[in-house]
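Here is a short report on one protein model. It covers a helix pair, the internal cavities and a small sheet.

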Amino acid sequence: MTTLDNQARAILRQNDRGGYTIPTDGLYPYQWNWDSVFAAWGFATFDLPRAWLELETLMAAQWSDGMVPHIVFHKSDPGYFPGPDVWATEKTPATSGISQPPVAAILTRLIWEQDKGAGEGHVKALYPKLLKWHRWWHDMRCTYGPVAITHPWESGRDNCPDWDIGMAGVDGSKAGDYTRRDTGHVDPSMRPSKAEYDRYIAMVQFGVAVGWDQERIVAEGPFLMADPGITFVLLRAHEDLAVLGRALGEDVTEIEGWAAELRNALPLIWNPELGAYDAKDLRTGQFAGVLGSGAFLAYLASASNPELDAQLMRVWDAVRYGIPSADPEAAIFDPRRYWRGPTWPVVNALMAIGLRDAGRHDLEARLRSETAELIQKHGFFEYFDPTDATPCGGDNFTWTAAIWLTWAGRDLELARGAA
Ligand code: DGY
């Protein structure tokens with residue numbers, strides 16, 4: 001075990017709040033949905049029972065309609081805005097009112113494969129909840145074909161250029177007075193702008209005004225965009241959930257149907273002018289016209305093609321470390337501002353799962369070594385400037401530690417075999 005392995009384990013332990021793991025102290029003091037699932041994957045490399053507990057705690061916050069919220073506010077913390085009082089979802093435990101990329105089935109499968117015997121009971125208990133969540137995605141977010149998001153935070157890629165056209169139509173002028181907390185924890189130039197925050201808050205206020213009625217939010221809300229990133233994550237997650245279901249002896253026809261429908265919808269998010277998958281404003285039918293890391297999650301769902309391959313190599317070769325979150329050759333590229341350019345170890349890791357499964361070992365190895373270099377040089381930051389490796393955002397970050405333990409610090413195949 002290396003020093004970095006030890007540090008990564010220590011970060012997971014230190015961000016453990018008892019049954020759930022926060023992304024990082026200060027900036028993100030609650031349980032975030034996809035962060036938590038990555039934490040489980042990281043724990044699985046040295047403490048399998050703790051990994052299962054993480055997933056169980058997250059799924060225990062599931063709403064009765066099946067949604068698994070993007071934040072679970074276990075204990076109130078004034079250091080974060082917008083907190084439970086702003087979301088006002090009236091759930092116990094308190095939660096936000098949107099979801100986040102459904103990576104849970106994908107990583108549950110990987111954790112279960114490490115020790116199927118030890119995992120069987122856990123998978124049995126989690127399966128009906130995951131199934132219900134996937135049904136929610138299908139019924140509440142796939143009515144237009146690809147996955148629609150109702151708030152940029154639902155995508156997990158909060159302020160990426162994909163959402164600019166949808167955000168332009170959101171009126172943030174009545175968001176009222178509030179104090180941001182994120183900019184007190186990290187350099188404001190690495191965070192979304194005030195104009196973006198006004199709109200984020202306006203969207204939350206709309207959800208509160210309609211009592212978090214998801215059908216009304218989809219039909220009448222201020223923002224509705226097709227997200228290539230979640231579309232690919234959900235497609236892969238459906239397929240992995242079906243694998244888990246078959247192993248349990250369940251009938252997975254319904255899941256196979258959702259996956260087939262979603263795959264058939266992919267042409268709707270292919271922008272021929274851009275030569276790539278693209279986000280789309282579902283209120284106007286307009287493509288975003290920007291290439292981002294969401295499109296490259298196509299690799300996770302075996303949905304790439306030669307044109308996308310060429311785009312991948314172009315944006316990747318234009319930087320030095322990993323896949324940038326926005327096109328480095330486009331005017332909007334901002335290499336240190338949150339999702340508008342930086343590279344994210346978690347996104348690289350998701351892509352790597354797909355590259356490995358497709359037998360593209362040279363690309364997977366390059367992505368792994370570039371991601372590892374970032375962590376070796378600067379430690380476990382939230383994200384990095386892909387041009388010069390400058391560490392950005394929060395430090396001692398759970399998901400970066402998890403990605404080191406599960407992938408960046410080792411060969412994924414070897415890690416699986418050794419477990
Ligand atoms: C934040 O507060 O920046 C989060 O990403 C919202 O989920």
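The structure is a predicted model.

**The second largest cavity**

Sort the lining of the second largest cavity by class and you get 6 nonpolar residues, 3 polar and no charged. The volume of this cavity is about 50 Å³. Its lining residues are Ile98, Thr150, His151, Met203, Phe206, Gly207, Trp212, Ile217 and Pro222. Which helix supplies the largest share of that lining? Helix α9, spanning residues 194-209, does so with 3 residues.

**The largest cavity**

How many cavities of 30 Å³ or more does a search of the whole structure find? The count is 3. The largest has a volume of about 190 Å³. Its lining takes in 21 residues. Nearest the centre of this cavity lie Tyr28, Trp32, Gln100, Asp158 and Tyr338. By class, 13 of the lining residues are nonpolar, 3 are polar and 5 are charged. Charged residues thus appear in the lining of the largest cavity, whereas the second largest has none.

The table sets out the two cavities.

| Cavity | Volume | Lining by class |
|---|---|---|
| Largest | about 190 Å³ | 13 nonpolar, 3 polar, 5 charged |
| Second largest | about 50 Å³ | 6 nonpolar, 3 polar, no charged |

**The helix pair**

Two packed helices are described by the angle between their axes and the distance between the axes. Take helix α2 (residues 33-43) and helix α5 (residues 104-114). Their axes come within 10 Å and cross at roughly 10°. Angles under 35 degrees count as roughly parallel, so α2 is roughly parallel to α5. Which residues meet? From α2 come Val37, Phe38, Ala40 and Trp41. From α5 come Ala104, Leu107, Leu110 and Ile111. What classes make up this contact of α2 with α5? There are 8 nonpolar residues, no polar and no charged.

**The sheet**

Strands of a sheet pair through backbone hydrogen bonds, either parallel or antiparallel. Here, 3 strands form an open sheet in the order β4-β5-β8, and the pairing is antiparallel. Which strands are at the edges? They are β4 (148-149) and β8 (280-281), and each pairs on one side only. Strand β5, residues 225-226, is joined to β8 by 2 bridges, and the two run antiparallel. In one of the pairings with β8, Ala226 has Lys280 as its bridge partner.

Terms used
Residues are numbered from 1 along each chain as its sequence is written. This is a predicted model: local features need pLDDT of at least 70, side-chain atom pairs count only at pLDDT 80 or more; totals for chains, interfaces and linings use all residues. Side-chain values use heavy atoms; hydrogens and water are left out. Axes are lines fitted to C-alpha atoms, for helices over the stretch in contact, and angles run from 0 to 180 degrees between N-to-C directions. Helices (H or I, at least four residues) and strands (E, at least two) are DSSP runs, numbered from the N terminus. Angles under 35 degrees count as roughly parallel, over 145 as roughly antiparallel, 65 to 115 as roughly perpendicular and the rest as oblique. Contact means heavy atoms within 4.5 Å. Ala, Val, Leu, Ile, Met, Phe, Trp, Tyr, Cys and Pro count as nonpolar, Asp, Glu, Lys and Arg as charged, and the others, Gly among them, as polar. On a 1 Å grid over the protein atoms alone, a cavity is a set of points where a 1.4 Å probe fits but cannot get out, and a pocket is an open set with protein on both sides within 12 Å along at least five of seven lines; lining residues have an atom within 4 Å of a point. Grid points are joined across faces, edges and corners, and a volume is the space filled by probe spheres set on the points. Two strands pair if DSSP finds at least two bridges between them.
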